[in-house]
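Hi there,

Here is the structure I promised to send over. Have a look at it first, and then read on for what I found in it.

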Amino acid sequence: MSVVQQKERSTCCGRLHLWSQDLILILPLTALAVFCAIVFIIMDITSHWAHHGRMRALSWTTEPYTLQVTDFFLWTGSACALALLGWLLTKIICPGAAGSGIPEMRMIMSGIEMPHYLSPRMLLSKVVGLILADAAGLSIGRE
């Protein structure tokens, strides 16, 4: 086998090896991206449903130019109730889920171990809290 043939063969095998290493990285990251997209779609649909539920409840009690005080208290009370429920569920499910999570993610990326921070319980608490906060009309950073 000549030197040129050996070089071509090593280049081909090297490319295959690099491609398989890339595939090992790409597949889990793709699965993570699909999972995040599904969670976001579920959050968006649920929040949209809850917000329109508040609108429907308001339209059932409203007659033109009457009951404006009742409408105000119904709208404000439902927002306060949803926000309170989101806060309570976050405190019950996983108290560490309060806040944005950006400082915690920076700590994890710098190498500090936080074993319970990236848990399914934390994800559930964040998702439920964000859905209820968005349905209540609070600003959660999506706008």
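**Gly-96 and its surroundings**

At 39% relative accessibility, Gly-96 counts as partly exposed, because that value falls between the 20% limit for buried and the 50% limit for exposed. Before I go further, please keep in mind that this is a predicted model. Gly-96 sits in the loop that runs between α2 and α3 (102-109). If you set aside the neighbours within four places in sequence, Gly-96 is in contact with Tyr-117 and Met-122. For the pair Gly-96 and Tyr-117, the C-alpha to C-alpha distance is 7.5 Å, with their positions 21 residues apart in sequence counted as the separation.

**The chain as a whole**

Stepping back, the chain has four helices and zero strands, which gives the pattern α-α-α-α when read along the sequence. There are 143 residues in the chain, and 19% of them count as buried. Among contacts in the chain with a separation of 6 or more, 60% come from residues 24 or more positions apart. The accessible surface adds up to about 11,000 Å², and carbon and sulfur atoms hold 73% of that area.

**Two pockets**

You may want to turn to the pockets next. The largest pocket has a volume of about 500 Å³, and 18 residues line it. Nearest its centre lie Cys-36, Val-39, Leu-123, Lys-126 and Val-127. The elements that contribute two or more residues to this lining are α1 (3-61) and α4 (120-136). By class, the lining of the largest pocket is made up of 14 nonpolar, three polar and one charged residues.

The second largest pocket has a volume of about 250 Å³. Its lining consists of 15 residues, and the ones nearest the centre are Gly-86, Thr-90, Gly-129, Leu-130 and Ala-133. Here the elements giving two or more residues are α2 (68-93) and α4. Sorted by class, this second lining has eight nonpolar, five polar and two charged residues.

**Thr-90, a residue of the second pocket**

Is Thr-90 buried or exposed? Thr-90 has a relative accessible area of 13%, so it is buried, the limit for that class being under 20%. This threonine belongs to helix α2, and it is one of the residues nearest the centre of the second largest pocket. Leaving out neighbours within four places in sequence, the contacts of Thr-90 are Pro-95, Ala-97, Ala-98, Ser-125 and Gly-129. Gly-129 also appears in the group nearest the centre of that second pocket.

**An aromatic pair**

One last item for you to look at: the structure holds one aromatic pair. The rings of Phe-72 and Phe-73 have their centres 5.2 Å apart, and their planes meet at 70°, so the pair is edge-to-face; the cut-off for that label is over 60 degrees. How do the two residues stand with respect to the surface? Phe-72 counts as partly exposed, with 49% relative accessibility, whereas Phe-73, at 55%, counts as exposed. The limit between these two classes lies at 50%, which is why the two phenylalanines carry separate labels.

I hope this gives you a good start, and I look forward to hearing what you think.

Best wishes

Notes
Residues are numbered from 1 along each chain as its sequence is written. This is a predicted model: local features need pLDDT of at least 70, side-chain atom pairs count only at pLDDT 80 or more; totals for chains, interfaces and linings use all residues. Side-chain values use heavy atoms; hydrogens and water are left out. Buried means under 20% relative accessible area, exposed over 50%, partly exposed in between (1.4 Å probe, protein chains only). Contact means heavy atoms within 4.5 Å. Accessible areas come from the Shrake-Rupley method with a 1.4 Å probe; for residues, only the protein chains shown count as cover. On a 1 Å grid over the protein atoms alone, a cavity is a set of points where a 1.4 Å probe fits but cannot get out, and a pocket is an open set with protein on both sides within 12 Å along at least five of seven lines; lining residues have an atom within 4 Å of a point. Grid points are joined across faces, edges and corners, and a volume is the space filled by probe spheres set on the points. Ala, Val, Leu, Ile, Met, Phe, Trp, Tyr, Cys and Pro count as nonpolar, Asp, Glu, Lys and Arg as charged, and the others, Gly among them, as polar. Rings of Phe, Tyr and Trp (its six-membered ring) pair if their centres lie within 6.5 Å; planes under 30 degrees apart count as stacked, over 60 as edge-to-face and the rest as tilted.
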